[in-house]
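Please walk through the structure shown below, taking its parts one at a time. The aim is an account in plain paragraphs for someone who has not seen this structure before.

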Amino acid sequence: TFELYGETIEERDGRLVNSQGNLAGSAISLLDAVQYCINEMQLPSEQALAMASRVPAAYMKWDDQFGAFKPGYTSDICWLDDDWNCAGAWRAGQKL
């Protein structure tokens, strides 16, 4: 649970709800969102992956340090298998 705008929010069945049970948001993970875009919406994988990396970095104006594999950029990596499941992860170059 956490507080948001003075309300207590908790996760129930994959949804975020307030104390009255009203919808307060989604509890989907970024990996779930990528999988949904590729598998259900049939978006090209390049587009779905950009939506999870380069696009938010650019929106936040952090694209000079995040969102791409370039020298000097911070790159935390999730290796995805053929079914778009996480098969390994690295943070700051160290395997987790």
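In this predicted model, the backbone nitrogen of N22 lies 2.9 Å from a polar atom belonging to the side chain of N18. N18 has its place in the loop between β3 (15-17) and β4, and with a relative accessible area of 9% N18 is buried, because buried here means a value under 20%.

The two strands on either side of that loop belong to an open sheet of 4 strands, which follow one another in the order β1-β2-β3-β4 with antiparallel pairing. At the edges of this sheet stand β1 (2-4) and β4 (23-26), and each of them has a single partner strand, so that one side of each is left without a neighbour in the sheet. Neighbouring strands of this sheet are turned against each other by 40 degrees on average, if their direction is ignored. Within the sheet, β1 pairs with strand β2 (residues 7-12) in the antiparallel sense over 3 bridges, and one can follow this pairing at E3, whose bridge partner in β2 is T8. In a regular strand the side chains alternate between the two faces of the sheet.

How many salt bridges does the structure hold? There is 1 salt bridge in the structure, and it is formed where the side chains of E10 and R12 meet, at 3.0 Å from N to O. Side chains of opposite charge can pair when their charged atoms come close. As for their surroundings, E10 counts as partly exposed because its relative accessibility is 29%, and R12 likewise counts as partly exposed, at 35% relative accessibility.

Further along the chain come helices and the loops that follow them, and two residues in these loops deserve a careful look at their backbone. Q42 is found in the loop between α1 (30-39) and α2 (45-51), and its phi is near 60 degrees, which is a positive value in a residue other than glycine. Most residues other than glycine have a negative phi. Is Q42 buried or exposed? At 59% relative accessibility Q42 counts as exposed, since exposed stands for a value over 50%.

The second of these residues is K61, which lies in the loop between α3 and β5. The phi of K61 is also positive, near 60 degrees, in a residue other than glycine, and with 67% relative accessibility K61 counts as exposed.

W62 is found in that loop as well, between α3 (54-59) and β5 (77-80). W62 is partly exposed, with a relative accessible area of 42%, and together with Y59, M60 and F66 it makes a nonpolar surface patch of about 470 Å². W62 can count towards such a patch because patches are made of residues with over 30% relative accessible area and no salt bridge, and the 42% of W62 meets the first of these conditions.

After this loop the chain enters another open sheet, this one of 3 strands in the order β5-β6-β7, again with antiparallel pairing. Its edge strands are β5 and β7 (94-95), each of which pairs on one side only. Between β5 and strand β6 (residues 86-91) the antiparallel pairing runs over 4 bridges; among the residues involved, I77 stands opposite W90 in β6, and C78 has A89 as its bridge partner in β6. The hairpin of β5 and β6 has 5 residues between the strands, and in this hairpin W84 takes a positive phi near 70 degrees.

On the other side of the pairing, β6 is joined by 2 bridges to β7, and these two strands run antiparallel. Which residue in β7 stands opposite W90? That residue is K95, and since W90 also stands opposite I77 of β5, it is a useful point from which to trace the sheet across its strands. R91, in turn, has Q94 as its bridge partner in β7. The hairpin of β6 and β7 has 2 residues between the strands, and here A92 takes a positive phi near 50 degrees.

Definitions and conventions: Residues numbered from 1 in each chain as written. Predicted model: local features only at pLDDT ≥ 70, side-chain atom pairs only at ≥ 80, totals over all residues. Heavy atoms only, no water. Patch = residues over 30% accessible without salt bridge, like charges linked within 9 Å, V, L, I, M, F, W, Y side chains within 5 Å. Areas by Shrake-Rupley, 256 points an atom, 1.4 Å probe, with all protein chains shown as cover. Salt bridge = Lys/Arg side-chain N within 4 Å of Asp/Glu carboxyl O. Buried < 20%, exposed > 50% of the residue type's maximum accessible area, 1.4 Å probe, protein only. Pairing = 2+ DSSP bridges. Axes fitted to C-alpha atoms, helices over the stretch in contact; angles between N-to-C directions. Polar contact = N/O pair within 3.5 Å; in protein donor to acceptor, adjacent residues only side chain to side chain.
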